Structure formats: structure tokens, C-alpha cells
Amino acid sequence: MKLIPTEYQEVEAVYRSIVDRKAKCLCVFSPVGEEGTSSISVCLARRLQTIDKKVLLVDLNSYNPMSFDWLEEQMDDQGWSFDDISCQLYTKPLKQFDFLTVKELKEDAQVREFGILKQAILMLEQEFTYIIFDMPPLMQNNRQNIPLHVISSATDMAILNVALGINNEEQVQVSVDKIKKANFKHIEVVVSQFALPPLGPRLIESVEHRLSRFPWLKVKLITTIKKQKWLFEAV
């Protein structure tokens, strides 16, 4: 997992919004799951900790759980759940924040009911100033996911993490609509990375469109473009 620098301007803007809105419990979403949501969740936790506040990062992304070198060694077979005190007892203290992993979440844990989640958050807020939930991708269906209307009722802010070159306009719009429909109190959109698509396919498309009346020249240029292998590597 690549960590975004704490001073990254997008993270700083979200941090300011969190402080200004007095948000204490937030969710970080992505449209499809390749946008670096775990990285930005960790970076936000680190940034919030710099103001001498206790921060808990809860990984609920069963689609692609966070992975740390030390995590497997500390896994506990008993696991934790939101419906008892184990969600407090099983937090793992890291250097800059505390952590709960979905890998240890009990299979029969009751996380789909508003009352249970709300009570758990109230308990955790007695110990932590900020709670960050790293959520599953909005466009990936998973029966283990907490319903959006449940998590929105118990949290203060939704952060949608998108990546240029990975997410298209439709994915972003669908994700925003889902968050709005769930009635989150506040919504922030952050661009965490830029994944530029290969130039080769776009050059070929442009040549085919512009030189349709000159087939011999079109074929020659496309052949030349295809020989440049570097044009077909993503940046």
C-alpha cells in the first residue's frame, strides 16, 4: 500500500473540512476499488493524529482488506464485533493511530442494524476523538457490506475517493447518487491519484477518424504507431 504524503493538498483540504464541520466519524468510499482508498484512509488518520487526537481506523472493506506486514502475526481467532465490547478490546495500537481489521470481524457479527452500530460508535467515541471507516467499493455488490442507510445514520461525513484514469464520469456520478440517496450529512470528493491511460489506442482512434478519406496514409500511420510499444503502456 502506497501512503500519500501527509501534506498532500487534497488530504489537507479534506482535513480542513472535517475540522470545520466538527465531524468525528467518517466513511471513505470508492467507486470500484482500485482508487487507493486504503492509502487515503491511512493518510487521513495520520493527519488527524498530528493534532494530538486519538484516531481509530476501522477497515470494513471485505472486498479488498488492508494488508500490513505485522497483521497476520497478530490475528486473533476470537475476533471482534460491533454488538459487544470486543470492538474496544481488540483495537490494535499502531504508532500513529489504532486499527480494527475486517479480517478479524466475526462472521456472525451483527453489523446491519442501526441500533447496534450506533451504540458501538458511542462506545468507541469515549476513547477515540476520530473514527474512520474504510468502506467497500460502492459499485461492488457484497452481502457482507453494511447497508449505506445504516452507516450514514451513525456517521458524520462521507468521503468519495476517485482516481483520474481509473474512474469514468458515470462511475463517479453513480457513486455520488448512492451516497446522496443514503442521506449522509456531508459529502466530500477527493482525487487521490492520476492513472493516465496508454496514448497508443487514442492515437490510433484519432488517425482512423481524421484520415478516413486517405486509407493508405491511415494504414501507414497506424502501423508506425503500433511499432512504438511504449505508447501502449499506462503511465
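Leaving aside its neighbours within four places in sequence, which residues is S41 in contact with? The answer is V28, L57, M66, I132 and D134. The model discussed here is predicted. Its protein chain has eight helices and seven strands, and the points below move from the whole chain to single residues.

**The chain as a whole**

- Of the 235 residues in the protein chain, 47% are buried.
- Among contacts with a separation of 6 or more, 80% join residues that are 24 or more positions apart.
- The chain exposes about 13100 Å², and carbon and sulfur atoms supply 50% of that area.

**S41 and D134**

- S41 has its place in helix α2, which covers residues 37-49.
- The relative accessible area of S41 is 0%, so this residue is buried.
- D134, one of the contacts of S41, lies in strand β5.
- D134 also counts as buried, because its relative accessibility is 0%.
- When residues up to four places away in sequence are not counted, D134 touches V28, T37, S38, S41, V58, D59, L60, N61 and M66.
- L60 is 74 residues from D134 along the chain, yet the C-alpha atoms of these two residues are separated by 5.7 Å.
- V28 and M66 appear among the contacts of S41 and also among those of D134.

**The nonpolar cores**

- The largest nonpolar core has 36 residues.
- Within this core, the residues with the most contacts are F29, V58, W80, F82, I131, F133 and I151.
- Two or more residues of the core come from each of these elements: β1 (25-29), β2 (55-59), α4 (114-125), β5 (130-134), α5 (148-154), β6 (157-164) and α6 (169-181).
- Helix α4 gives the largest share, which is six residues.
- I151 is in contact with C27, F29, L117, F133, M135, I146 and F184, leaving aside its neighbours within four places in sequence.
- Another core, of 23 residues, lies apart from the largest one; its members include L26, V28, L44 and F97.

**Helix α7**

- Helix α7 spans residues 199-210 and has 12 residues.
- From its first C-alpha to its last, α7 reaches 17 Å, close to the 16 Å expected at 1.5 Å a residue.
- Three residues of α7, namely G200, I204 and V207, are buried.
- These buried residues cover an arc of only 65° around the axis, which means that they lie on the same side of α7.
- On the other side of the helix, E205, H209 and R210 are exposed.
- The cover over the buried residues of α7 includes α8 (215-227).

**Cysteines**

- The structure holds zero disulfides.
- C27 is in no disulfide: the nearest cysteine sulfur belongs to C25 and is 6.1 Å away.
- C27 counts as buried, because its relative accessibility is 0%.
- C43 has a relative accessible area of 0%, so C43 is buried as well.
- C27 is also one of the residues that I151 contacts.

Conventions:
Residues are numbered from 1 along each chain as its sequence is written. This is a predicted model: local features need pLDDT of at least 70, side-chain atom pairs count only at pLDDT 80 or more; totals for chains, interfaces and linings use all residues. Side-chain values use heavy atoms; hydrogens and water are left out. Helices (H or I, at least four residues) and strands (E, at least two) are DSSP runs, numbered from the N terminus. Buried means under 20% relative accessible area, exposed over 50%, partly exposed in between (1.4 Å probe, protein chains only). Contact means heavy atoms within 4.5 Å. Accessible areas come from the Shrake-Rupley method with a 1.4 Å probe; for residues, only the protein chains shown count as cover. The expected span of a helix is 1.5 Å times one less than its number of residues. The arc is that of the directions from the helix axis to the C-beta atoms. A disulfide is a pair of cysteine sulfur atoms within 2.5 Å. A nonpolar core is a set of buried Ala, Val, Leu, Ile, Met, Phe, Trp, Tyr and Cys residues joined through side-chain atoms within 4.5 Å.
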